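Subject: Structure handover and notes

Dear colleague,

Here is the structure I said I would pass on. My notes on it follow below.

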Amino acid sequence: MSISLRGVLARALIVSALGFATACTSNTGPGQSADDGVVDFQTDSASYSLLLSSDRRWYTGTIAVTYTNRTADTVSFTNCQGATDVALEKLIDGVWTYVWAPVLPSCLSPAIAVAPGQERRWDIAVSAGYPGTNTAQQFSVNHISGVYRAIWRDAMIRSAGAASFIVAPEEHRVSNQFALNAPDP
(Lines give C-alpha, C1' and ligand atoms only; values in the text may rest on other atoms or scores of the structure.)
Protein backbone atom coordinates (compact mmCIF):
# COMPACT_ATOMS: atom_id res chain seq x y z
CA MET A 1 0.00 0.00 0.00
CA SER A 2 1.57 3.30 -1.02
CA ILE A 3 0.98 6.72 0.41
CA SER A 4 1.50 9.66 -1.92
CA LEU A 5 4.07 12.33 -1.04
CA ARG A 6 1.28 14.89 -0.99
CA GLY A 7 -0.60 12.68 1.50
CA VAL A 8 2.46 12.32 3.72
CA LEU A 9 3.05 16.08 3.69
CA ALA A 10 -0.62 16.76 4.39
CA ARG A 11 -0.53 14.29 7.28
CA ALA A 12 2.57 15.93 8.74
CA LEU A 13 0.97 19.36 8.49
CA ILE A 14 -2.28 18.17 10.06
CA VAL A 15 -0.50 16.28 12.85
CA SER A 16 1.62 19.36 13.58
CA ALA A 17 -1.46 21.56 13.66
CA LEU A 18 -3.20 19.09 15.97
CA GLY A 19 -0.25 19.25 18.34
CA PHE A 20 -0.80 23.00 18.71
CA ALA A 21 -4.57 23.21 18.36
CA THR A 22 -5.96 20.11 20.06
CA ALA A 23 -8.38 21.53 22.56
CA CYS A 24 -11.84 20.36 23.50
CA THR A 25 -14.12 20.50 26.47
CA SER A 26 -16.44 17.68 27.39
CA ASN A 27 -18.86 16.70 30.08
CA THR A 28 -19.23 13.13 28.91
CA GLY A 29 -18.36 10.20 31.12
CA PRO A 30 -15.99 7.29 30.54
CA GLY A 31 -16.89 5.32 27.42
CA GLN A 32 -18.90 8.15 25.86
CA SER A 33 -18.25 10.78 23.27
CA ALA A 34 -20.02 14.10 22.88
CA ASP A 35 -21.45 13.03 19.49
CA ASP A 36 -23.24 9.70 19.68
CA GLY A 37 -22.42 8.28 23.10
CA VAL A 38 -20.03 5.67 21.65
CA VAL A 39 -16.35 6.06 20.84
CA ASP A 40 -14.28 4.07 18.35
CA PHE A 41 -11.47 3.46 20.88
CA GLN A 42 -12.80 1.93 24.11
CA THR A 43 -10.60 1.19 27.13
CA ASP A 44 -11.26 -2.00 29.11
CA SER A 45 -11.46 -0.01 32.36
CA ALA A 46 -12.58 3.43 33.53
CA SER A 47 -9.49 3.74 35.76
CA TYR A 48 -5.81 2.77 35.62
CA SER A 49 -2.96 3.05 38.13
CA LEU A 50 0.67 3.60 37.23
CA LEU A 51 3.45 2.04 39.28
CA LEU A 52 6.32 4.21 40.51
CA SER A 53 9.84 2.77 40.34
CA SER A 54 11.82 2.20 43.53
CA ASP A 55 14.04 5.22 42.73
CA ARG A 56 10.82 7.30 42.43
CA ARG A 57 11.70 8.64 38.95
CA TRP A 58 9.88 6.31 36.57
CA TYR A 59 6.24 5.26 35.95
CA THR A 60 4.96 2.14 34.20
CA GLY A 61 1.55 0.73 33.39
CA THR A 62 -0.64 -0.70 30.63
CA ILE A 63 -3.88 0.63 29.18
CA ALA A 64 -5.88 -1.88 27.11
CA VAL A 65 -7.90 -0.39 24.25
CA THR A 66 -10.17 -1.96 21.63
CA TYR A 67 -10.74 -0.08 18.37
CA THR A 68 -13.98 -0.64 16.45
CA ASN A 69 -14.04 0.84 12.96
CA ARG A 70 -17.37 2.70 12.84
CA THR A 71 -16.60 4.38 9.48
CA ALA A 72 -17.65 3.23 6.02
CA ASP A 73 -13.99 2.96 4.96
CA THR A 74 -10.97 0.91 6.00
CA VAL A 75 -8.87 2.74 8.59
CA SER A 76 -5.12 2.14 8.44
CA PHE A 77 -2.53 2.75 11.14
CA THR A 78 1.07 3.44 10.23
CA ASN A 79 3.36 1.55 12.56
CA CYS A 80 6.79 0.10 13.20
CA GLN A 81 6.55 -3.57 14.15
CA GLY A 82 3.10 -2.89 15.64
CA ALA A 83 4.05 0.29 17.56
CA THR A 84 1.68 3.11 16.61
CA ASP A 85 1.74 6.86 17.14
CA VAL A 86 -0.56 7.09 20.15
CA ALA A 87 -0.45 9.90 22.70
CA LEU A 88 -2.11 10.56 26.04
CA GLU A 89 -3.96 13.81 26.60
CA LYS A 90 -4.96 15.05 30.05
CA LEU A 91 -8.02 17.17 30.71
CA ILE A 92 -6.61 20.33 32.33
CA ASP A 93 -8.98 23.22 33.08
CA GLY A 94 -11.45 21.93 30.47
CA VAL A 95 -8.84 21.60 27.70
CA TRP A 96 -7.33 18.36 26.32
CA THR A 97 -3.57 18.81 26.69
CA TYR A 98 -0.89 16.57 25.16
CA VAL A 99 1.20 15.13 28.04
CA TRP A 100 2.81 11.86 26.89
CA ALA A 101 3.74 9.74 23.87
CA PRO A 102 5.97 6.70 23.56
CA VAL A 103 9.36 6.68 21.91
CA LEU A 104 8.80 4.96 18.57
CA PRO A 105 11.31 2.96 16.54
CA SER A 106 12.11 4.33 13.08
CA CYS A 107 10.77 1.80 10.63
CA LEU A 108 7.69 1.44 8.46
CA SER A 109 5.88 -1.89 8.66
CA PRO A 110 2.86 -2.78 6.52
CA ALA A 111 -0.13 -0.73 7.64
CA ILE A 112 -2.49 -2.18 10.24
CA ALA A 113 -5.77 -2.12 8.31
CA VAL A 114 -9.13 -2.37 10.09
CA ALA A 115 -12.12 -2.89 7.80
CA PRO A 116 -15.51 -1.30 8.53
CA GLY A 117 -17.18 -3.00 11.49
CA GLN A 118 -14.02 -4.86 12.49
CA GLU A 119 -12.08 -4.58 15.78
CA ARG A 120 -8.40 -4.38 16.77
CA ARG A 121 -7.00 -4.48 20.30
CA TRP A 122 -3.99 -2.51 21.51
CA ASP A 123 -2.12 -2.45 24.80
CA ILE A 124 -0.64 1.00 25.42
CA ALA A 125 2.56 0.42 27.39
CA VAL A 126 3.00 3.61 29.40
CA SER A 127 6.60 4.09 30.46
CA ALA A 128 7.79 7.55 31.38
CA GLY A 129 9.78 9.54 33.84
CA TYR A 130 8.64 12.28 36.14
CA PRO A 131 9.30 15.77 34.72
CA GLY A 132 12.80 17.02 35.43
CA THR A 133 14.35 13.57 35.89
CA ASN A 134 17.19 12.23 33.77
CA THR A 135 14.96 9.97 31.65
CA ALA A 136 14.42 9.76 27.89
CA GLN A 137 10.66 10.17 27.86
CA GLN A 138 8.70 12.04 30.49
CA PHE A 139 5.24 13.25 31.36
CA SER A 140 4.99 16.96 30.59
CA VAL A 141 2.96 17.72 33.74
CA ASN A 142 4.03 17.57 37.39
CA HIS A 143 0.76 16.16 38.71
CA ILE A 144 0.19 12.93 36.74
CA SER A 145 -3.16 11.77 38.17
CA GLY A 146 -6.30 13.00 36.41
CA VAL A 147 -8.75 12.44 33.55
CA TYR A 148 -7.16 11.24 30.31
CA ARG A 149 -7.90 10.02 26.82
CA ALA A 150 -5.72 8.35 24.21
CA ILE A 151 -5.42 9.81 20.72
CA TRP A 152 -3.98 8.03 17.69
CA ARG A 153 -2.13 10.54 15.56
CA ASP A 154 -1.50 8.08 12.71
CA ALA A 155 -5.00 6.77 11.94
CA MET A 156 -5.37 7.23 8.19
CA ILE A 157 -8.48 6.75 6.07
CA ARG A 158 -8.93 6.46 2.32
CA SER A 159 -12.39 6.64 0.83
CA ALA A 160 -13.24 4.32 -2.05
CA GLY A 161 -11.64 5.61 -5.24
CA ALA A 162 -9.43 8.17 -3.45
CA ALA A 163 -5.80 8.35 -4.54
CA SER A 164 -4.30 8.94 -1.12
CA PHE A 165 -4.93 8.69 2.60
CA ILE A 166 -5.99 11.50 4.93
CA VAL A 167 -5.79 11.66 8.72
CA ALA A 168 -9.06 10.32 10.12
CA PRO A 169 -11.29 12.91 11.82
CA GLU A 170 -10.51 13.32 15.53
CA GLU A 171 -13.75 11.65 16.64
CA HIS A 172 -12.44 8.43 15.02
CA ARG A 173 -8.99 8.70 16.66
CA VAL A 174 -9.73 9.29 20.37
CA SER A 175 -10.64 6.96 23.21
CA ASN A 176 -13.17 7.38 25.94
CA GLN A 177 -12.14 9.33 29.01
CA PHE A 178 -10.50 7.38 31.83
CA ALA A 179 -8.88 8.11 35.17
CA LEU A 180 -5.13 7.70 35.44
CA ASN A 181 -3.75 7.48 38.96
CA ALA A 182 -0.08 7.87 39.85
CA PRO A 183 1.63 8.47 43.17
CA ASP A 184 3.62 11.65 43.50
CA PRO A 185 7.37 10.93 43.71
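Which residue in β15 is the bridge partner of tyrosine 148? In this predicted model, the partner is phenylalanine 178. The strands concerned are β12 (residues 146-152) and β15 (residues 178-181), which run antiparallel and are joined by 3 bridges.

Tyrosine 148 also has a bridge partner in another strand: lysine 90 pairs with it there. That second strand is β8 (residues 86-92), which runs antiparallel to β12 and is joined to it by 5 bridges.

These strands belong to an open sheet of 5 strands with mixed pairing, in the order β2-β15-β12-β8-β9. At its edges are β2 (47-49) and β9 (95-100), each of which pairs on one side only. On average, neighbouring strands of the sheet are turned by 40° against each other, direction ignored.

As for β12, 5 of its 7 residues are buried, so the strand is largely enclosed by the rest of the structure.

On the core:

The largest nonpolar core has 33 residues. The members that touch the most other members are Ile63, Phe77, Leu88, Ile124, Phe139, Tyr148 and Trp152. Tyr148 is thus listed here as well as in the bridges to phenylalanine 178 and lysine 90. In soluble globular proteins, nonpolar side chains tend to be buried together.

Tryptophan 152 touches Phe41, Val65, Phe77, Thr84, Asp85, Val86, Trp122, Ile124 and Arg173, leaving aside residues up to four places away in sequence. Two of these contacts, Phe77 and Ile124, are themselves on the list of core members that touch the most others.

On the backbone:

Most residues other than glycine have a negative phi. Two residues that you may want to look at have a positive value. Arginine 56, not a glycine, has a phi of about 60°. Arginine 56 lies in the loop between β3 (51-52) and β4 (58-68), and its relative accessibility is 43%, so it counts as partly exposed. The other is aspartate 93, with a positive phi near 50°, in the loop between β8 and β9. Is aspartate 93 buried or exposed? Its relative accessibility is 78%, over the 50% cut-off, so aspartate 93 counts as exposed.

Regards

Conventions. Residues are numbered from 1 along each chain as its sequence is written. This is a predicted model: local features need pLDDT of at least 70, side-chain atom pairs count only at pLDDT 80 or more; totals for chains, interfaces and linings use all residues. Side-chain values use heavy atoms; hydrogens and water are left out. A nonpolar core is a set of buried Ala, Val, Leu, Ile, Met, Phe, Trp, Tyr and Cys residues joined through side-chain atoms within 4.5 Å. Buried means under 20% relative accessible area, exposed over 50%, partly exposed in between (1.4 Å probe, protein chains only). Contact means heavy atoms within 4.5 Å. Two strands pair if DSSP finds at least two bridges between them. Helices (H or I, at least four residues) and strands (E, at least two) are DSSP runs, numbered from the N terminus. Axes are lines fitted to C-alpha atoms, for helices over the stretch in contact, and angles run from 0 to 180 degrees between N-to-C directions.
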